[in-house]
Amino acid sequence: MINWNMHKLGAQPNNIRQLFEYGRSRAAVVGPENIFDYSLGNPSIPTPQSVNRAAMELLSAMDSKALHGYTSSIGDYEARNAIARDLNERFGAGARAENLFLACGAAPGLVAILRALSVPDAEIMVIAPYFMEYRYFSEACGEKLVVVEADIPDFQIRFSEVEEKLTPHTQAVVLNSPNNPAGTVYTRKTLEELAALLTRKSEEFGHPIYILADEPYRELVYGDAEVPFIPNIYPDTIVCYSYSKCLSMPGERLGYVYVPDSATDSRDLYLAIAGAARASGHICAPSIWQKMIVSCAHERPDLASYDRNRRTLYDGLMEMGYTVAKPDGAFYLFVEAPDGDSESFSEKAKQKDLLLVPGTGFGCRPYFRVCYAVDHDMIVRSLPVFRALIDECKAEQKEQRMKS
Ligand code: PLP
């Protein structure tokens, strides 16, 4: 017999993938220069030269078995040690190789953490807008996803609602900063306030409420915005990191889970995460990239082209009258639909070959997501389409006002 819940997930690709596929097929008809595809979060800056060079050297110099063979199931010591050193130099983390589990990207790392926390009646809190896969990951682990509404227009955290919705069953609060889809970064003040609240509630409930810091966009931050290292603010933090976005290598699958010594039951938690990964058949992250990271753990992306895209799009949309969340990080803008509904607005945009992701799946229907990891030229060519859309909305609204 088939598990029809799983069948449903397989049969319905998420709406971002659907839009992306639609864009591809449409490009074949109208020409790629006439499609403005802002759907998929695929990095557009090149992978750093040092990363490619390291991989090529490994391929040419290393013995085949040593390079392509199984690694240690939790990740090679040298790779974990290099990452620990980098965390210590940047954040004074006090990390050791023993605190790190190498994962095939952030997604399986998240699943391993959620599975490690999946006791009966477990609840996982997410702050909207949130990465839509959190729902499927936690529900597949038998956990209840509890959503805290978006705090519009700042996209920080609604503490009163967090407090209301925390229960003795809450195992973790997932934080994603810089945020997909809003591009916002939680401020130090926000994190300190959350830490104080969770400390108080953990004491009240008699068990830790972990923060699960999902950080694939940690290095993608602009201007003078700060991305605080959350374990330094809240000891019961588990970090899930990925090289997908920061080194532009999402197809290669490398990330890690970091369980600091400061976390309650740190060693047992780590072992439960390693065990959950084992039970999911997810061990031995790709060997070549583990070996690459030994020499490249300190690499950071050159953000100049994302920053240029961000400014062009943000300034252009604001000048037209759109409302945009403050875009401090990641490579997304989150924009309020001028007709108040991102579903209908995205559909109107699609009719003009402008592909925008409605915010509904992220838990925030009034806003749509624009991924600016794209060619700058495409942004410039798409601006008149954005203008036509807002002008049409304004004209419709004016007509309705006159009728009523
Ligand atoms: N978490 C967030 C917030 C993401 O946006 C993504 C990917 O887009 C992931 C996790 C998964 O990343 P990975 O490619 O490392 O599995």
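Okay, so let's start with Ser138: a polar atom of its side chain sits 3.3 Å from the backbone oxygen of Arg135. Keep in mind that this is a predicted model, so that distance is computed from predicted coordinates.

Where is Ser138? You'll find it in helix α7, which covers residues 133-140. And is Ser138 buried or exposed? Its relative accessibility is 1%, and buried means under 20%, so Ser138 counts as buried.

What does Ser138 touch, then, if we leave aside its neighbours within four places in sequence? Those contacts are Leu114, Ile124, Glu143 and Leu145.

Let's follow two of those into the sheet. Ile124 belongs to strand β3, residues 123-127, and β3 pairs with β5, residues 170-175. That pairing is parallel and runs over four bridges. Ile124 itself has Ala172 as its bridge partner in β5. As for Leu145, that one falls in β4, which spans 144-148.

Now zoom out to the whole sheet. It's an open one with seven strands, and if you walk across it you go β2-β8-β7-β6-β5-β3-β4, with mixed pairing. At the edges are β2, residues 100-103, and β4, each pairing on one side only. From one strand to the next, the twist averages 20 degrees.

Last stop, helix α5, residues 77-91. This helix packs on the sheet, where it touches β2 and β8, the latter being residues 255-258. How is helix α5 oriented against β2? The two directions make an angle of about 115 degrees.

So that's the route: from Ser138 in helix α7, by way of its contact with Ile124, out to the edge strand β2 and the helix α5 that touches it.

Note on methods. Residues numbered from 1 in each chain as written. Predicted model: local features only at pLDDT ≥ 70, side-chain atom pairs only at ≥ 80, totals over all residues. Heavy atoms only, no water. Pairing = 2+ DSSP bridges. Axes fitted to C-alpha atoms, helices over the stretch in contact; angles between N-to-C directions. Contact = heavy atoms within 4.5 Å. Buried < 20%, exposed > 50% of the residue type's maximum accessible area, 1.4 Å probe, protein only. Polar contact = N/O pair within 3.5 Å; in protein donor to acceptor, adjacent residues only side chain to side chain.
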